[in-house]
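Student: I have a model open here and would like to talk it through with you. Could you take a look with me?

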Amino acid sequence: MTIFAPTSAAETLSAVQWAVSEEAPLEIVGHGSKREIGRPPQTGHTLDLSKLSGVTLYEPAELVLSAKAGTPLAEIEKLLAENGQQFAFEPMDYGPLHGHAAGRGTIGGVLAANVSGPRRLKAGAARDHVLGIHAVSGRGEAFKSGGRVVKNVTGYDLSKAMAGSWGTLGVVTDVTFKVLPAAETETTLAIRGLYDEQAAAAMALALGSSAEVSSAAHLPYPSVARVNGGRFGSESATLLRVEGFAPSVAARLEMLKGLLKHAGALEEISGEKSGALWRDVRDCAPFAGPDERPVWRVSMAPADCHDMVMTLRRQTAVDVFYDWQGGLAWLRMEAGEPEANLVRALVRQQGGGHATLVRATPADRAAIPVFQPQPPALAALSARLKEQFDPKNILNPGRMA
């Protein structure tokens, strides 16, 4: 096995051109925090982008940041925090879920996996904030898309095409994202003791109000005991986050309290404690650690998701918690089997959605479609796109399908 570790875009281009000429498939990695997502690599060589690192442009006044693809996300977030700014889409760190140390994810991996967090309800995901890229296609050709301002796209927006492609269309070497000011203050209102169906109704009521709730999650037992330093105990917690200027946050919290006064016992969590709580939700802390029990990431309509989980619970042992107003369910299969046919059948029957197997053994990942199977027409379109970008199937072959 050959490991290429380029330190520049030119060296990356050279490595891919060699792979194309030799028809030698490459596994594309940064620091490996998401390496266990997708089918096991079918490659004999690795393109390691971890040395392709460093912030190349940061203009706080212009709300724009550019960095090389292998730059650690933790390094960038530290720089942004020092300037009172943030990635509004709150990118998740998948490392702890797979038993790795936190902070190993890279900015290129954020785009490749189209990562997001609890604020997705309000801010979207990585694809909604990327401004431009430099990349190398599977043809061994360097290309760029977008730029450093918001309105810069003429023709196809290839920056967004790279989002969620998991390194199968191109090797991104440089990325530019828009950044936004961090909220002056945040407070989380926790409603205690609700069942899943009650929590879904409470979150819908809060999100439908003018309180401008930026995040909404529900943690039943036992997941609730594994966040907030264990301080929630065993009683479920339904979480509503409000952010902004302090007087506005206070007024909107009072509105929520009035709206939800009959829902259950209310508890406020402010400042850094609130931030730490939402990082636990973001990074799937209830299921994190060196554990091979399969974990699913299921996205459905919030009105349907808890019904799907209730039906699933009748047929197998599963631990669960919800994000995105109940529209995202994280499922850990307690018996140790992925139960892919059962999970996907219930998702389909309960209104449709997407189920991604984000943690499983290599054997299960090789045997089961990790990503939601596409309808025939969409699969054909994806295949044509792959053919255009990577006709010799050099880049992460077989990772997605």
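Student: Which side chain does Ser50 join in a polar contact?

Tutor: This is a predicted model, and in it the side chain of Ser50 makes a polar contact of 2.7 Å with that of Asp48.

Student: And where does Ser50 lie?

Tutor: Ser50 sits in the loop that runs between β3 and β4, the latter being residues 55-59. If neighbours within four places in sequence are left aside, Ser50 is in contact with Gly30, His31 and Gly70.

Student: How is the sheet with β3 ordered?

Tutor: It is an open sheet of three strands in the order β1-β3-β2, with parallel pairing. Because β1 (2-4) and β2 (26-29) stand at the edges with a single partner strand each, one side of each has no neighbour in the sheet. On average, neighbouring strands here are turned by 20 degrees against each other, direction ignored.

Student: How many bridges link β1 and β3?

Tutor: Three bridges, in the parallel sense, pair β1 with β3, which covers residues 45-48; Phe4, for instance, has Leu47 of β3 as its bridge partner.

Student: What packs on that sheet?

Tutor: Helix α1, residues 9-22, packs on the sheet and touches β1, β2 and β3, while its direction makes about 165 degrees with that of β3.

Student: Changing topic, which residues have the most contacts inside the largest nonpolar core?

Tutor: That core has 75 residues, and Val298, Trp330 and Leu331 have the most contacts inside it. Beyond its neighbours within four places in sequence, Trp330 is in contact with residues including Met92, Phe287, Trp296 and Val358. A second, separate core of 16 residues includes Leu189, Ala216, Leu253 and Leu260.

Definitions and conventions. Residues are numbered from 1 along each chain as its sequence is written. This is a predicted model: local features need pLDDT of at least 70, side-chain atom pairs count only at pLDDT 80 or more; totals for chains, interfaces and linings use all residues. Side-chain values use heavy atoms; hydrogens and water are left out. Two strands pair if DSSP finds at least two bridges between them. Helices (H or I, at least four residues) and strands (E, at least two) are DSSP runs, numbered from the N terminus. Axes are lines fitted to C-alpha atoms, for helices over the stretch in contact, and angles run from 0 to 180 degrees between N-to-C directions. Contact means heavy atoms within 4.5 Å. A nonpolar core is a set of buried Ala, Val, Leu, Ile, Met, Phe, Trp, Tyr and Cys residues joined through side-chain atoms within 4.5 Å. Buried means under 20% relative accessible area, exposed over 50%, partly exposed in between (1.4 Å probe, protein chains only). A polar contact is a pair of N or O atoms within 3.5 Å; within protein, one must be able to donate a hydrogen and the other to accept it, and residues adjacent in sequence count only if both atoms are side-chain atoms.
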